[in-house]
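I opened this notebook to record what I looked up in one structure, entry by entry. Aromatic pairs, strand pairing and helix packing were on my list.

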Amino acid sequence: MPPLKAAFKKLPQPVQETTKGAIRRLISPYGRARLGAGIEPLSYTWGSDRGTEIARHYVEEEFLKEFSGDVRGHVMEFFGDDYIVRYGGKKVSKVDILNLEEGNEKATIIGQDLTKPNTIPSNAFDCVICTHVLHVIYDFDAAIADLYRILKPGGVLLIAVPLVSMCDPAWHELWRFTREGLQLALEKSFKKSDVTMRFYGNSLTAAGQLRGLVAHEFSTRTLKKHDERFAVEICGRAVK
């Protein structure tokens, strides 16, 4: 028996099992991805086929949870009402769902382009939830200006955009925003004192986002460590 194997056999059984488990994790696709080995990521859909994407975790479990009190009254969301239902509940009196293209059965506002003159009334909403939308809009300044227009005085825009993320041409992604970049864009329409910024992620979760890892593969402690230099998600709360 080789000396190393013989020495291993002399270890207590619990230590042997722990060591074997660690080795299995390291040589698994997950382990190789976390170590940066190999060209192929674990996912080409941001990890959605494996669990909760890291970016989505930050939007849902940190940003929207922190500002859930703003989801009240007449609320508009893009594409669906998932976040209105989850974070607004009984605080919401009316729901509108904006979808630019036809075919979304849930949509109540269809074909209205925020970058062009449209028929969405001014001063209409107490809250607008805009997650992962701005980075696919070419004239995002015009979109932000129109979001400001349709909010009631005192209304709140909750906005989230990706920073470190795979860019899939099929989704026609145009931009990535840093914290400072999104803040300056919001401040063209909103007062600086009425804009609150958040950033989420660190060097490890940013690498995981690119490699197709998902939230449950990181400890809570790791997920809650945020470093602006390696932010995965940039979010802003802007009040009219």
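The entries below go from the whole chain to single residues and back to the helices.

**Entry 1: overall.** I noted at the start that this is a predicted model. I counted secondary structure in the protein chain and got nine helices and seven strands. Of its 240 residues, 45% count as buried. I then took the contacts between residues at least 6 apart in sequence, and 69% of them join residues at least 24 apart.

**Entry 2: aromatic pairs.** How many aromatic pairs are there? The count comes to nine. I looked at F63 and F67: their ring centres are 5.5 Å apart and the planes stand at 65 degrees, so the pair is edge-to-face, since the cut-off for that class is over 60. F63 has 0% relative accessibility and counts as buried. F67, at 12%, also counts as buried, because the limit is under 20%.

Next I took F140 and F177. The centres of these two rings lie 5.0 Å apart with the planes at 85 degrees, so I filed this pair as edge-to-face too. Where in the chain do F140 and F177 sit? F140 is in helix α6 (residues 140-150), while F177 is in the loop between β5 (151-162) and α7 (179-187). They are 37 residues apart, and the pair links distant parts of the chain. I checked exposure as well: both F140 and F177 are buried. They do not stand alone, as Y138, F140, W175 and F177 form one aromatic cluster.

**Entry 3: a charge over a ring.** I looked for a charged group over an aromatic face and wrote down K240. K240 lies over the face of Y148, at 4.9 Å from the ring centre.

**Entry 4: D146.** I stayed with helix α6, where D146 has its place. Is D146 buried or exposed? Its relative accessible area is 10%, so D146 is buried by the under 20% limit. I left aside its neighbours within four places in sequence and listed the remaining contacts of D146, which are L114 and N118.

**Entry 5: strand β7.** I went through β7 (residues 233-239) one residue at a time. Seven of its seven residues are buried, which I recorded as a mostly covered strand. Both faces are covered. One side holds E233, C235, R237 and V239, the other I234, G236 and A238, and all of these are buried.

Which strands pair with β7? β5 pairs with β7 in the antiparallel sense over seven bridges. As one bridge, I noted L158 with R237 of β7 as its partner. Strand β6 (residues 195-200) also pairs with β7 in the antiparallel sense, over six bridges. Here I noted Y200, whose bridge partner in β7 is E233.

**Entry 6: helices α4 and α8.** For two packed helices I wanted the angle between the axes and the distance between them. The axes of helix α4 (residues 54-66) and helix α8 (residues 203-211) come within 9 Å and cross at roughly 125 degrees. That makes α4 oblique to α8, because roughly perpendicular stops at 115 and roughly antiparallel starts over 145. I then listed the residues where the two helices meet: I54, A55 and Y58 in α4, and T205, G208 and Q209 in α8.

How values were computed
Residues numbered from 1 in each chain as written. Predicted model: local features only at pLDDT ≥ 70, side-chain atom pairs only at ≥ 80, totals over all residues. Heavy atoms only, no water. Phe/Tyr/Trp six-rings, centres within 6.5 Å; stacked < 30°, edge-to-face > 60°. Buried < 20%, exposed > 50% of the residue type's maximum accessible area, 1.4 Å probe, protein only. Helix = DSSP H or I, 4+ residues; strand = E, 2+ residues; numbered from the N terminus. Lys NZ or Arg CZ within 6 Å of the ring centre and 35° of its normal. Contact = heavy atoms within 4.5 Å. Pairing = 2+ DSSP bridges. Axes fitted to C-alpha atoms, helices over the stretch in contact; angles between N-to-C directions. Parallel < 35°, antiparallel > 145°, perpendicular 65-115°, else oblique.
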